[in-house]
Amino acid sequence: METLIFDLKKQIIEALNLEDITPDDIDTNAPLFVEGLGLDSIDALELIVLMEKKYGIKLEDPGKSKEIFRSVGTMADYITKNRKK
Amino acid sequence: MIKPLAYNIVSPLGFSAPDNYAAVRRGESGVIPWQDPAGTPIVLSRLDREKLQDAFERQCKPSMEYTVPEQAMLLSASLAVAEAGIDPASARTGFVLSSTKGNIELLAIPDHGFGRERIHLWHTAGLLTACFNNQNLPLTVTNACISGAAAQIAALKMLENGLYDHVVVTGVDMASDFIVAGFQSFKSLDPERCRPFDARRKGLNIGEAAATIVFGKADGKGISLIRGNVRNDANHISGPSRTGEGLFRAISRTLEELSPDDIAFISAHGTATPFNDQMEAIAFARAGLDHTPVFSLKAHFGHTMGAAGILESIIAFMALEEGIVLPSMGYEVDGIEGALHVSTATVQSSKKYIVKTLSGFGGCNAALLYQKHS
Amino acid sequence: MKKIIAYSRITDTLVILNGKPCEITFSCEIGPGRLAEIYRFLEVNYPKFFKMDNFSKAGFLASEMVLRSLHYDMESPDESTSVVFANRSSSLDNDKRFQETISRDDYFPSPAVFVYTLPNIVTGEVAIRNKIMGETSFFILESFDAEKMMIFADWAFSSAGTRRVLCGWTEYLDGHSDLLVMMVEKESDKGFDFNKQNINNIYRT
């Protein structure tokens, strides 16, 4: 799980062009949206692409995505249970 | 003010403006089942390539090969120009192209054989003037989905400033894999035919079309384009402002001293995305237009991007000329918070003005004001 | 008489503000890396910059230089300023990038890349940064044309309430920059005349 969380943070930084941020700067359980990293709607869509590209998980329902993307921790949980790659 | 002397629409509903208008009156749609590049079923409004090529070759008698968007553009412009009875080669005739992505499909075909410059919009515009042996430099407007309105505003300024006596404004865009894939990644496509302003709306349908208006100076008869304005939300590059800021300002600047009671209807942008339609309703209400009948044409044609502002204006001012308000296809259940008068049936109106609105990526918004002279 | 009250020029090798070259020493080769270097040299503090495509970054930086030099008020909504840009290549630089995300064997269309496949987005980015609610427009020309730029600016000025136009040629393709962004004011006792000769002079620097 530790490796997944670290890799996921690196992938998020790369996919969302978060300059000057390292995996250590991202709190695993902090909110990703509104506060924390302050991600927006386009970032949410990019995270959906990331889930499919890296982990083979297709997210069709934007409503469910909100819960999954609440924090890096919730993302990692969901990936662990549903990954196809 | 300026006057549409002739106009044309090339869409799945027909290759003339009257044919398209009649199809809209009959409640027809060009939206059909299709697939996105990943094979996922979607719907979109698609031109029949063979019918288009046939009509293009008969009308334009080309001596070289043209891409699909070029065929649609040249067919539409050629038919409109012929009807207008103007001299398209004259130095006093200008050309404006409205398109968001033009020949973008060529990016997917490395050895397309059309040359390196073919992908550029200025090249596409050059083919337009070349078709008519016109020596003027054409103008290309590319301002996301409001391009068609921006192009008409440019024509208005050109004619009012005496730069030309006639301006041919043509818009074209295709439902390329590039565009379809992009909107799919935004999850903003409805898998079925779109439902503007409806509670069940899920997103837009992409459409392809070309449309042309040949403008001349107004003569106090028929239809005139009075003015138009563009304003920015200054909020987000892809999401509309929650307060309808830019659209409200564009409408206010365009209405000027006119009362909302003078407006027969608004031909809205109405893309059927959850946010766009709500934002438009807020902007209309802020401008005092909450009781003015509103319709969207997107369920008939899909969202035709660079062609939309021109195509939808044509249908709108044809309805104004006929003295009717069109129903908003795809709308059954109210899906808007706050007041909005969505037109649900064809009704007569004796009012003399209409407003056409559009909004686009980049936060831009446009409003045009058309008048019918008695 | 309309006046150019501030302008910037960015090419592959030069960054100029109001006629003075900025003393920036590039450590990267000519290419997109230089845009990040200009960003840091100007001490812009705007993390959203890194989400933009390279074409928008270039246009944003050229605009930022002009607006900051004028101490432009970024806080108050302003409908009296317009942003009118033109170029030759549209957003082709980034269009190619999006095309890569939809190749047959590796099909993962990127929304963050797609949103920048329209050249007018950069006018939106400038508007968002500076709360500019006036007209934003984008035109395509085969090559830089001072006379056309003046006409575009005139059109923007003719929209009710417009007093300033941020008017620019924002060409960027395959790592090469060719930008000239001018703030034109309708009535001013500062700056110099917004005419064809002056525009060509500052472009040809």
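What follows is a look at chain B: its overall build, its two domains, and its contacts with chains A and C. The model is a predicted one, so everything below is computed from it.

Chain B on its own comes first. It is made up of ten helices and 15 strands. Laid along its principal axes, the C-alpha trace covers about 55 × 50 × 40 Å. The radius of gyration comes out at 19 Å, which agrees with the value near 21 Å that a compact globule of 374 residues would have. Of those 374 residues, 62% count as buried. Sequence-distant pairings do a lot of the work here: among contacts in chain B with a separation of 6 or more, 78% link residues 24 or more positions apart.

Next, the domains. The domain assignment splits chain B into domain 1, residues 2-217, and domain 2, residues 223-372. Their C-alpha centres sit 21 Å apart. Where the two meet, 59 residues of domain 1 of chain B are in contact with 54 residues of domain 2 of chain B. On the domain 1 side, the elements giving two or more residues are β1 (2-10), α1 (17-25), β3 (41-45), α5 (147-160), β6 (166-173), β7 (206-207) and β8 (209-217) of chain B. Of these, α5(B) gives the most, with eight residues. Sorted by class, that side of domain 1 has 30 nonpolar, 19 polar and ten charged residues.

Then there are the neighbouring chains. With chain A, the contact involves five residues of chain B and five residues of chain A. The chain B side of it has one nonpolar, three polar and one charged residues.

With chain C, the contact takes in 42 residues from chain B and 43 residues from chain C. On the chain B side, at least two residues each come from α4 (121-131), β5 (139-141), α5, α6 (177-185), β9 (223-232) and α7 (245-255). The top contributor is α6(B), with six residues. By class, this side of chain B divides into 21 nonpolar, 15 polar and six charged residues. Helix α5(B) thus turns up twice, being listed for the side that touches chain C and for the side of domain 1 that touches domain 2.

Strand pairing also crosses between chains B and C. β5(B) is joined by two bridges to strand β7 of chain C (residues 136-140), and the two strands run antiparallel. Within this pairing, V141(B) stands opposite F139(C) of β7(C). The strand β5(B) is also among the elements supplying at least two residues to the side that touches chain C.

How values were computed: Residues are numbered from 1 along each chain as its sequence is written. Chains are lettered from A and ligands numbered from 1 in the order in which they are written. This is a predicted model: local features need pLDDT of at least 70, side-chain atom pairs count only at pLDDT 80 or more; totals for chains, interfaces and linings use all residues. Two residues are in contact if their C-beta atoms, placed from the backbone, lie within 7 Å. Ala, Val, Leu, Ile, Met, Phe, Trp, Tyr, Cys and Pro count as nonpolar, Asp, Glu, Lys and Arg as charged, and the others, Gly among them, as polar. Domain bounds come from an automatic or database domain assignment. Helices (H or I, at least four residues) and strands (E, at least two) are DSSP runs, numbered from the N terminus. The radius of gyration is taken over C-alpha atoms; the globule rule is 2.2 Å times the number of residues to the power 0.38. A residue is buried if 20 or more other C-beta atoms lie within 10 Å of its own, exposed if 12 or fewer, and partly exposed in between; C-beta atoms are placed from the backbone. Two strands pair if DSSP finds at least two bridges between them.
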